[in-house]
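Visitor: I'm new to this one and would like to learn how to read it. Could you walk me through it, a feature at a time?

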Amino acid sequence: MTISAPDQTVENSSVGRADGAVSEADVPPAGKPEEPDRSGVSPHAEASGIHSKRPTKAFIRTRLAYFIAFGGGAGLSSIAPGTVGTLATFPLFWIFAYFFDPLALLVLIAVMFLVGVWACGVTGRALGNHDHGGMVWDEISAFLLVLYFTPPIIVWQAFAFLLFRLFDIIKPPPIGYYDRKLRGGFGVMFDDLLAAFLTLLCLAAWKALGIGSLI
């Protein structure tokens, strides 16, 4: 909360001077101008004591967008937050699959993607980093889509997890291209959507070649 400084008396202000003269206090000191802030962190983030490298629980609680982008806190992990966020998708998918029919679940995943575009865009601007590693909503929504089309067998789902993380980390073409070119919330979400597509493509190829019967 910003606290205003005590009001200056009318006698000390230039407005209150009868002759309209400017006092010495009104004149900025001579010398080197103040260096602009190059931290890239928004005033809101700095006011919360947050910098772009290590957000905290307090930060993600300040706005719904931050909470969503960080996957409810999964992205705060100090070790492999993307992997932690992807692992957290498993129980989330099992819960959704229990309560929603297939069509409703697919619509829900699409809505989560659109929400992620907004949430990651807002959070990236606040942190001064459009694709902060702690924002894992992109992994969550994309891997939900992978699990939706993956056979409900633990071995298939495990291979889907490994493939998705591999593509998300090494970013082969065209993932790497769009990761470099696109910015904002859509850029954050889109490259993981491509990783999900490549994962499903590999799984479909394995199934077509009969490799799936060996798993």
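Guide: Sure. Let's begin with a word we'll need: two residues are in contact when heavy atoms of theirs lie within 4.5 Å. Keep in mind, too, that this is a predicted model.

Visitor: Then let me try that word out. Which residues does Ile 109 touch, not counting residues up to four places away in sequence?

Guide: Ser 141, Leu 144, Leu 145 and Tyr 148. Ile 109 itself lies in helix α5. You can also look at the backbone there: the C-alpha atoms of Ile 109 and Ile 140 are 9.6 Å apart, though 31 residues separate the two along the chain.

Visitor: Is Ile 109 buried or exposed?

Guide: Buried means under 20% relative accessible area. Ile 109 has 5% relative accessibility, so it counts as buried.

Visitor: Let's step back. How many helices and strands are there in the protein?

Guide: Nine helices and zero strands. Reading along the sequence, you get α-α-α-α-α-α-α-α-α. As for burial, 37% of the 215 residues count as buried. The protein exposes about 13,000 Å², and carbon and sulfur atoms supply 66% of that.

Visitor: And what do the contacts say about the chain as a whole?

Guide: Take the contacts between residues at least 6 apart in sequence: 67% of them join residues at least 24 apart.

Visitor: Back to α5. How do I read the length of a helix?

Guide: Compare its end-to-end reach with what you'd expect at 1.5 Å a residue. Helix α5 covers residues 102–127, which is 26 residues, and it spans 36 Å from its first C-alpha to its last, close to the expected 38 Å.

Visitor: What should I look for at the two ends of α5?

Guide: At the start, find Asp 101: one of its side-chain oxygens comes to within 3.1 Å of the backbone nitrogen of Leu 103. After the helix comes Gly 128, with a positive phi near 70 degrees.

Visitor: Now charges. What is the general idea behind a salt bridge?

Guide: Side chains of opposite charge can pair when their charged atoms come close. Searching the whole structure turns up three salt bridges.

Visitor: How far apart are the closest N and O atoms of Arg 165 and Asp 168?

Guide: They are 2.7 Å apart, and the two residues form a salt bridge.

Visitor: Why can residues a few places apart in a helix meet like that?

Guide: An α-helix has 3.6 residues a turn, so residues three or four places apart point the same way. In this case, Arg 165 and Asp 168 are three residues apart in helix α7 (residues 154–170), so about one helical turn separates them. Both ends of the pair are buried: Arg 165 has a relative accessible area of 10%, and Asp 168 has 6%.

Visitor: Which other residue does Asp 168 form a salt bridge with?

Guide: Lys 171, with the closest N and O atoms 3.5 Å apart. Lys 171 is partly exposed, at 24% relative accessible area. Lys 171 also forms a salt bridge with Asp 191, at 3.0 Å between the closest N and O atoms. That pair links distant parts of the chain, 20 residues apart: Lys 171 sits in the loop between α7 and α8 (175–181), while Asp 191 belongs to helix α9 (residues 184–208). Asp 191 is buried, with a relative accessible area of 1%. Through shared partners, Arg 165, Asp 168, Lys 171 and Asp 191 become one network.

Visitor: What else is there to see in α9?

Guide: Try Thr 199, which lies in that helix. Thr 199 is buried, with 0% relative accessible area. Its side chain reaches the backbone nitrogen of Phe 164 at 3.4 Å. A polar atom of that side chain also lies 2.8 Å from the backbone oxygen of Ala 195. Leaving aside neighbours within four places in sequence, the contacts of Thr 199 are Val 146, Ala 160, Leu 163, Phe 164 and Phe 167.

Visitor: Let's finish on the surface. Which residues form the nonpolar patch?

Guide: Trp 94, Ile 153, Ile 154, Val 155 and Phe 159, which together have about 470 Å² of accessible area. Helix α7 gives the most to the patch, with three residues. Ile 153 is in the loop between α6 (137–149) and α7, and at 44% relative accessibility it counts as partly exposed.

Notes. Residues are numbered from 1 along each chain as its sequence is written. This is a predicted model: local features need pLDDT of at least 70, side-chain atom pairs count only at pLDDT 80 or more; totals for chains, interfaces and linings use all residues. Side-chain values use heavy atoms; hydrogens and water are left out. A salt bridge is a side-chain nitrogen of Lys or Arg within 4 Å of a carboxyl oxygen of Asp or Glu. Helices (H or I, at least four residues) and strands (E, at least two) are DSSP runs, numbered from the N terminus. Buried means under 20% relative accessible area, exposed over 50%, partly exposed in between (1.4 Å probe, protein chains only). The expected span of a helix is 1.5 Å times one less than its number of residues. A polar contact is a pair of N or O atoms within 3.5 Å; within protein, one must be able to donate a hydrogen and the other to accept it, and residues adjacent in sequence count only if both atoms are side-chain atoms. Patches are made of residues with over 30% relative accessible area and no salt bridge: like charges are joined within 9 Å, nonpolar side chains (Val, Leu, Ile, Met, Phe, Trp, Tyr) within 5 Å. Accessible areas come from the Shrake-Rupley method with a 1.4 Å probe; for residues, only the protein chains shown count as cover.
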